[in-house]
Amino acid sequence: MRRSSSPLRRLPQVLLVVAASAAAVASPGGAAATLWPNVPEQIARALTSGDALERRLAATRVGELAPETAIRLIQRGMSDPDVEVRLHLAGAAVRLRMPRAGDLVIEWLGEGDARLRLAACDVIRAAPTDRSVVALGRVLGDPDPHVRLAAATAMGAAGLPDAVSPLLGHLDDTAPEVRAEVARALGRIGDARAVVPLIGKVQDSVPEVRKATARALGELGDPRAVSALLLALQDASQDVRVEAVTALGRLRSDDATSAIADLVTASPGAAGAFPGARPSDSAASSNDVREAALRALGRIGSEAAVKALLAALAKDNPAAPRSAVRDALVSAGAAAVPALVAALSAAPSANTAAGAALVLGELKAREALPALVRGMQRGVVPLRHGLRALGALGDPAALPSVLELLGDADPAVRAEAIRAATALLDPARPDGRAVDPARALLVDPATASDEKLALVQLLGRTGSPRAQAALLPLAKARSTPLRLAVIEALGAARAAGTLGAAVDAALLAALDDESADVRLRAAIALSRVAGPGSARPLLQRLTVAAEQDRGALGIALSGALSRADDAGSAGGATDAKAARDASGKGLVHEVAAAIASAPDAARDALIEGLGRMPGQAAGAALARMASAAPIDDRRKIAEALAGHPEAAAALRTLAGDPDPGVRANAVWSLGAAGDKDALPLLVPLLKDPDAAVAGNAAGAIGRAAGRAGQPARAAAALCAALPDARPYVRANALAALTVAGARCDGGAARDLLARDPAEAVRLAAADHLARSGADDDRRALARCAAEDRNATVAGRCARPAPPRAPAAAAEDVVVFVVPFDAGRGGSARDAPAPRAPFALVRADGLMRLGVADRRGELFERGAPRGPIRLTVPAPLVK
């Protein structure tokens with residue numbers, strides 16, 4: 001099925017403008033099947049009718065029912081005398097992933113109708129039990145090869161050691177497709193008893209069998225297979241050679257390095273580059289074999305393997321964005337660093353030096369910094385590629401070497417130097433070393449306009465007051481692109497003292513600009529850096545100035561309030577009373593009073609800002625409003641309370657609200673603000689009839705239990721949710737297990753990775769298993785990478801687990817849901833969609849589900865840094 005999600009661009013720290021599927025603006029209930037209350041009873045009665053046709057029609061509708069009802073009817077109907085009824089019910093059992101359904105179809109394996117035997121295999125594959133998998137052994141000798149094939153597939157998917165002996169007895173099946181499936185099944189099970197028998201099948205007469213055998217031997221990971229796999233490197237089929245070399249890489253056999261290196265030196269893309277090769281043998285090309293050989297050498301990572309990869313760099317193109325050779329060296333990891341550094345210290349070719357530098361940068365090998373700089377100074381490392389490597393290295397110690405090249409005569413070198421310097425700077429750690437050279441180029445009339453824009457960004461990244469002083473005069477530049485760049489740079493870091501007030505004033509003035517882009521960029525900048533003194537002017541403009549851009553003002557005010565206390569001054573003020581205005585009203589009181597009379601266009605911004613204000617007074621004000629607020633306000637209040645743990649009692653009340661949108665937000669906020677005491681409330685909500693509420697409950701349990709250091713409590717609740725019929729509940733349960741550091745007994749996650757029909761679930765399972773390190777989990781991921789038909793899932797299974805982000809590496813994010821409109825040829829709409837259902841996927845894999853506010857916006861407190869995207873909302877996922 002085609003994925004309906006869109007990657008998103010993260011705007012500076014606080015604002016994210018996103019695009020979603022056109023389906024994202026459908027009404028929350030529009031996609032769910034609507035059944036009259038008496039329909040389940042009608043279907044149940046029809047299944048007991050004496051008319052077979054009536055029973056068949058009823059069986060086709062069982063899948064429309066609630067899972068609990070459907071499962072009960074399937075259990076009753078599996079013994080129906082009519083074959084068609086049973087087949088329909090079997091299909092429903094597979095779609096529902098009905099627990100222990102395999103036991104219900106064991107007797108079908110002896111039926112005379114081959115359709116029933118096939119259906120039984122499918123049911124057992126979807127819901128295996130020990131008894132049913134063992135029973136499959138007797139149909140491996142079925143006269144119908146399709147049944148034998150289905151039985152072998154189901155036995156392999158179950159992964160039970162008891163299936164090994166029956167499968168080994170059918171490695172010589174007369175049907176080649178069955179032999180291949182038996183080999184695949186043995187690889188999936190991972191039992192060492194299969195190694196020697198499989199070695200004998202490396203020379204099977206059919207290429208597909210040889211290919212499956214090579215893959216299985218790689219999955220088994222037994223060094224006894226090395227000799228047979230080396231022989232398979234000379235196979236006439238290039239598909240077989242790809243699998244053989246991949247298997248040798250999995251075995252990490254240094255004995256195979258020399259033979260694999262020979263495959264790398266063959267001319268890429270040349271037909272017939274290997275003995276016996278025929279272009280018509282397979283779908284793979286000689287270049288596929290070469291790339292598989294490179295990956296294998298990277299996995300082996302020995303001294304000889306790294307040497308072979310370094311030799312391959314000489315023919316590599318360092319200007320290419322990606323390279324199979326460089327990727328292989330990166331996968332070799334720290335073991336490759338000494339050889340790469342030594343290469344830079346010698347006299348390598350330009351390609352080798354550039355490639356080695358880029359790999360060191362991608363490996364973040366800071367110990368290589370001196371060798372990189374010396375290589376650039378000696379002219380060994382091309383400057384463009386050396387600068388790119390220094391930027392990727394991420395070591396601030398490289399900055400002086402980069403700054404020396406800001407004024408290089410070559411425009412390409414200058415551009416790369418600006419990019420590298422920008423990457424090496426962090427506004428949170430002010431660094432003024434780049435200010436003077438960047439400012440000098442900025443004011444030079446000879447500097448090209450595109451370079452000026454990049455230099456402005458560089459100055460903003462310094463976080464230095466001197467840089468902000470240089471940027472302020474450009475805030476009213478005539479060039480709109482330059483003005484936008486300056487505004488964004490001013491919003492990179494908070495300036496101190498009078499300079500901070502000047503930055504605030506410049507950005508406030510930009511809110512009146514005739515350009516909507518300028519107003520939006522100024523609002524984003526203010527939301528990040530505006531001092532608490534800006535909160536009152538922004539509040540006044542939002543509530544009383546009818547002709548202002550309320551959307552931009554709301555963004556700016558929300559951020560300014562996050563840095564203001566109840567007095568409207570910076571957190572930590574010593575005399576709050578002195579900071580109050582003449583009327584004696586605190587800022588919390590003013591914002592709360594403004595909410596009561598503000599138009600809909602401003603209410604959500606004010607509630608959000610109140611939620612972002614520190615201190616108990618803001619939380620108490622929100623809690624007071626919640627009891628009598630209209631639905632839209634309650635939704636936003638439930639979201640805003642995520643920043644106020646002291647108001648957790650109000651969130652518990654909102655978690656029982658009649659409106660599912662309110663419940664969804666309240667449950668998600670409890671994940672941020674609640675502690676272990678919230679778990680008893682959250683666990684029952686895993687079964688809430690609304691998928692957004694149940695999915696958010698799963699995520700909240702993982703977050704709360706993780707903070708409390710109680711993975712066992714998370715596992716107890718979340719493992720029980722993995723069979724839920726709703727894909728996003730299963731996916732969030734898996735992601736929450738990962739967040740909480742919890743695991744389920746048995747192979748539940750591996751089973752979901754192999755068989756779940758939903759992409760979101762398989763992605764979550766891949767992330768969960770990648771952090772395990774267990775052999776069974778590694779094999780499951782390798783199978784997924786090779787076999788999953790969804791490229792996104794296969795890619796996720798192939799990549800290593802990302803490092804866990806530190807708790808401090810989080811940021812507040814504002815997301816606007818801007819849907820694609822199928823009626824406009826798939827183009828984005830002009831404005832966010834109010835009250836649009838959404839599914840927001842965070843960098844930690846958790847999905848937040850719910851309904852956007854009246855502006856088409858949602859606020860996510862403390863989102864982990866990393867990619868964030870929208871996908872199809874829960875009501876539209878089956």
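This section describes the salt bridges and the packing of one helix in a predicted model.

Side chains of opposite charge can pair when their charged atoms come close. The predicted structure holds 71 salt bridges. Several of them are described here in turn.

R188 takes part in two of the pairings considered. One partner is E181, with the closest N and O atoms 3.3 Å apart. Both R188 and E181 are buried. The other partner is E787, where the N to O distance is 2.8 Å. E787 belongs to helix α45 (residues 775–787) and R188 to helix α9 (residues 176–189), so this salt bridge ties together parts that lie 599 residues apart in sequence. The two ends of the E787 pair fall into separate accessibility classes. R188 has a relative accessibility of 18% and therefore counts as buried, the limit for that class being under 20%. E787, with a relative accessible area of 29%, is partly exposed.

A further salt bridge joins R131 and D103, at 3.6 Å from N to O. This pair also links distant parts of the chain, with the two positions 28 residues apart in numbering. R131 sits in helix α6 (residues 130–135). D103 sits in the loop between α4 (83–96) and α5 (114–126). R131 counts as exposed because its relative accessibility is 54%. D103 reaches 22% and so counts as partly exposed.

Salt bridges also join into a network. Its members are E608, K636, E639, R842, D844, R848, D853, R855, E857 and E860. The acidic and basic side chains of this group are thus linked through salt bridges.

Helix α30 (residues 535–544) was examined for its packing. Its buried residues are A535, L538, L539, R541 and L542. These residues cover an arc of only 165° around the axis, which means that they lie on the same side of α30. The face turned away from this buried side carries the exposed residues Q540 and V544. Helix α30 therefore has a buried side and an opposing face with exposed residues. Several helices contribute to the cover over the buried residues. Among them are α28 (497–510) and α31 (550–561). The cover also includes α33 (587–597) and α34 (600–612). One member of the salt-bridge network described above is E608.

Notes
Residues numbered from 1 in each chain as written. Predicted model: local features only at pLDDT ≥ 70, side-chain atom pairs only at ≥ 80, totals over all residues. Heavy atoms only, no water. Buried < 20%, exposed > 50% of the residue type's maximum accessible area, 1.4 Å probe, protein only. Helix = DSSP H or I, 4+ residues; strand = E, 2+ residues; numbered from the N terminus. Arc of directions from axis to C-beta. Contact = heavy atoms within 4.5 Å. Salt bridge = Lys/Arg side-chain N within 4 Å of Asp/Glu carboxyl O.
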